[in-house]
Amino acid sequence: MIRVEGVSKGFVLHNQGGARLAVLRDAALAVRPGECVALVGPSGAGKSTLLRMVQGNYGIDGGRIVVGGVDLSTASPREVLRLRRETLGWVSQFLRVIPRVPALDVVAEPLRALGVPEEEARARAAALLGRLNLPRPLWDLSPTTFSGGEQQRVNIARGFVHPYPALLLDEPTASLDPVNRAVVLDLIREAKARGAAILGIFHDEGARAAVCDREVDVGRFVP
Amino acid sequence: MTPLLEVRNLTRRYGARTGCEGVGFDLWPGEVLGIVGESGSGKTTLLNCLAGLLPPDGGEAWFDTREAGPRDVFRMPEGERRRLARTDWAFVRQNPRDGLRLNVSAGANVGERLMAVGARHYGAIRAEAARWLERVEIDPARIDDRPSTFSGGMQQRLQIARNLVTRPRLVLMDEPTGGLDVSVQARLLDLLRGLVRDLGLAVVIVTHDLAVVRLLAHRVMVMKDGRVVEEGLTDRVLDDPRHPYTQLLVSSVLAA
Amino acid sequence: MSADGLPWGFAYLDEGTKRMIRRALLKALAVPGLQVPFASREMPMPYGWGTGGVQVTASVLTPDDVLKVIDQGADDTTNAVSIRRFFARTAGVATTTRTAEATVIQTRHRIPETPLREGQILVFQVPIPEPLRFLEPRETETRRMHALAEYGLMHVKLYEDIARHGHIATTYAYPVLVEGRYVMDPSPIPKFDNPKLCSEAILLFGAGREARIHALPPHTRVESLAFEDHPFEPARAAGICALCGAADSYLDEVLTDDRGGRIFVCSDTDFCETRRAGGAS
């Protein structure tokens, strides 16, 4: 479902004397449907960079990344957007939303973009927020005012509200209490059970052991 | 499928000075294209050429008309282009006072395009105007008030209603959130995003506000000195900028 | 100095000017409702006193014509008397107050009640010929709008009337669509007179300050703009003329004392007098 082949990546910092930073070389991995793979390696090894490249957020300098049949190294923005809408879910550590949109609508939005009617989208979003124990009074408020753990649960709900065939998780349990951490691990297990291919970064070793089938050491790809 | 708008090699000069040069892009239904760059980078020139307010010196802009398929709007008879401009296109200006008729009521402002395309039933025009006021979150009870009595944010929403009432497919926006309070901006962005999604609008939005682009635009073009220096998926361009100018632009934003 | 020794040409204007104005008139008649520019001259009266109408009248008058001049329907107001005397002196034409006897009638803000007939010419004094001016101040833009028949704005004005007053409150200078093509301002006549714009006579409109002429040849189709659910209604004061008893003419309200006493009388003085001479009261 997710294939990374011979990928290289660097950054040129034009405004800092044209400094060149090489981050990855010859990166390769594959994630099959129903499989959860963890990216591991020391801080700064390029885990985040690789995850962002798979998401289409960072450009690819060399090699190819194919997700659900779409080659991200050559795909047009329109194709990447469609991939994200239909196939590739993403749970980020950061929440970027329009300040006044209520949490419930933030979570329902990926479904609305897929053409799911408003009622149904909100019902599915509500069910998920309920499961993640987000206090009901918060549902109608903008998540921009939420605590870190609350924002993270909104992000998680956004990533799981649609049964994406592929999922990218960036520290999905980082700021969660044990109860909600267990809920997220259940969500990941359920996604695997329905055949989702999952690639993630988990600093939480317990979580990694609980849901991940394999680990890929990104340190191997450091140039 | 064909794009709604295909722009090729659009060029406009002001004497020896370049307004914009060799600009091209495709725009598909439901897609929001952001154009960013500092003042004088050519983004407003580009928009004004597309809107028919400024004749280009060269280039083509093929719009997929409902009746006759793709037509080059730069080579269309003026009457035809103006008819498109008040039916299938919308142009939302930065200053709502430039895009509204301040000496007639909100209802008349919204109803104008309907009357321009032949609506002749007062009751029906008024009902449609009221529906649109509600849709842009203006109390329909204010239908007979003049826009001069509205706040800046309300005026901008009224301008949007006035433009969208004929269900245009292409919307051009010039800094639509400029000059508005931050909280008012958020409301407008939310509204625009909902309209884009529900009506399948294709939007070209010119702005220097990268936050607006991130929240609204699917794709972004970065302009400098009249040329496009970088373009692509919005978050890719903003998070992994390649061109020196884009890097400068992104790194110049003060984090809140 | 003209050939006959007068210090002016026949009907004051020189022949070159009249020829220029006649060309504009012919074009205006050929394209009913179109505003045709002309080189408006200085006249020996201020703008706003009918300089446009006077130039048109001067250009169509012949020595055999019989001229009538009315101002708001009356033959005896200062403006009407001055213009009548002006042409009696500069053209030596016969004058009359009788609508039926006149061959050329110059008018300000009325169409006579007596139906006009073939062979008569009605010349209107026009202050602002541009019906779109109210909403679009740019002349370059209004010209384009006429050229492309973009007339949505006219209905915006009517919409605004209904929104504000519950009905179309425009009572004079009520816009019309000429032969389905040009929207025209019929000059500030009461909308009561609008149906009379479909006439057997030639109707000519002259705007001196704005330097525009427009025209309606006989039997031109002229529709007053309206909405389906707010149709055009020619309006008049609900009353009858206190002098002649007419119940179908356009009435002026006249205050008769300081205690609120008032009567209605015909605005068309000739119509009223003719009726009274015929025994009506």
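Start by selecting chain A and chain C: these two do not touch, and their nearest C-alpha atoms lie 34 Å apart. Contact here means heavy atoms within 4.5 Å. What you have open is a predicted model, in which local features need pLDDT of at least 70 and side-chain atom pairs count only at pLDDT 80 or more, while totals for chains, interfaces and linings use all residues. Residues are numbered from 1 along each chain as its sequence is written, chains are lettered from A and ligands numbered from 1 in the order in which they are written, and side-chain values use heavy atoms, with hydrogens and water left out.

**Stop 1: chains A and B**

Now show chain B beside chain A. Of the 2 pairs of chains in contact, A and B share the most contacts. Here 25 residues of chain B meet 28 residues of chain A. The area buried between them is about 2200 Å², with carbon and sulfur atoms giving 53%; buried area is the accessible area (1.4 Å probe) that two parts lose on being put together, summed over both.

Next, look for the 7 salt bridges between chain B and chain A, each a side-chain nitrogen of Lys or Arg within 4 Å of a carboxyl oxygen of Asp or Glu. One to pick out is A:Arg112 with B:Asp198, whose closest N and O atoms are 3.5 Å apart. On the chain B side of this interface, helix 7 (182–199) is among the elements that supply at least two residues. Helix 7 of chain B gives the most, with 7 residues. Helices are DSSP runs (H or I, at least four residues) and strands are runs of E (at least two), numbered from the N terminus.

Then select A:Lys9 and B:Asp240, another salt bridge, with closest N and O atoms 2.5 Å apart. The pair runs from strand 1 (residues 2–13) of chain A to the loop between helix 9 and helix 10 of chain B. Buried or exposed: which are A:Lys9 and B:Asp240? Both are buried, where buried means under 20% relative accessible area, exposed over 50%, and partly exposed in between (1.4 Å probe, protein chains only).

**Stop 2: chains B and C**

Swing round to the other contact, which takes 22 residues from chain B and 22 residues from chain C. About 2000 Å² is buried between these chains, and carbon and sulfur atoms give 54% of it. Select B:Arg82, B:Arg120 and B:Tyr122: they supply 36% of the area that chain B buries against chain C, more than any other three residues. There are 4 salt bridges between chain B and chain C. In one salt bridge, the side chains of C:Glu150 and B:Arg86 meet at 2.8 Å, N to O.

Stay here and centre on C:Tyr159. Leaving aside its neighbours within four places in sequence, C:Tyr159 is in contact with residues including B:Met115, B:Tyr122, B:Ile125 and C:Phe227.

**Stop 3: inside chain A**

Finally, select A:Glu190 and A:Arg131, whose side chains meet in a salt bridge (2.5 Å, N to O). A:Glu190 lies in helix 6 (residues 178–193) of chain A and A:Arg131 in helix 4 (residues 118–131) of chain A, so the pair ties together parts that are 59 residues apart in sequence. With a relative accessibility of 40%, A:Glu190 counts as partly exposed, and A:Arg131 is partly exposed with a relative accessible area of 33%. For a last view, display A:Arg3, A:Glu5, A:Arg64 and A:Asp71, which salt bridges with shared partners join into one network.
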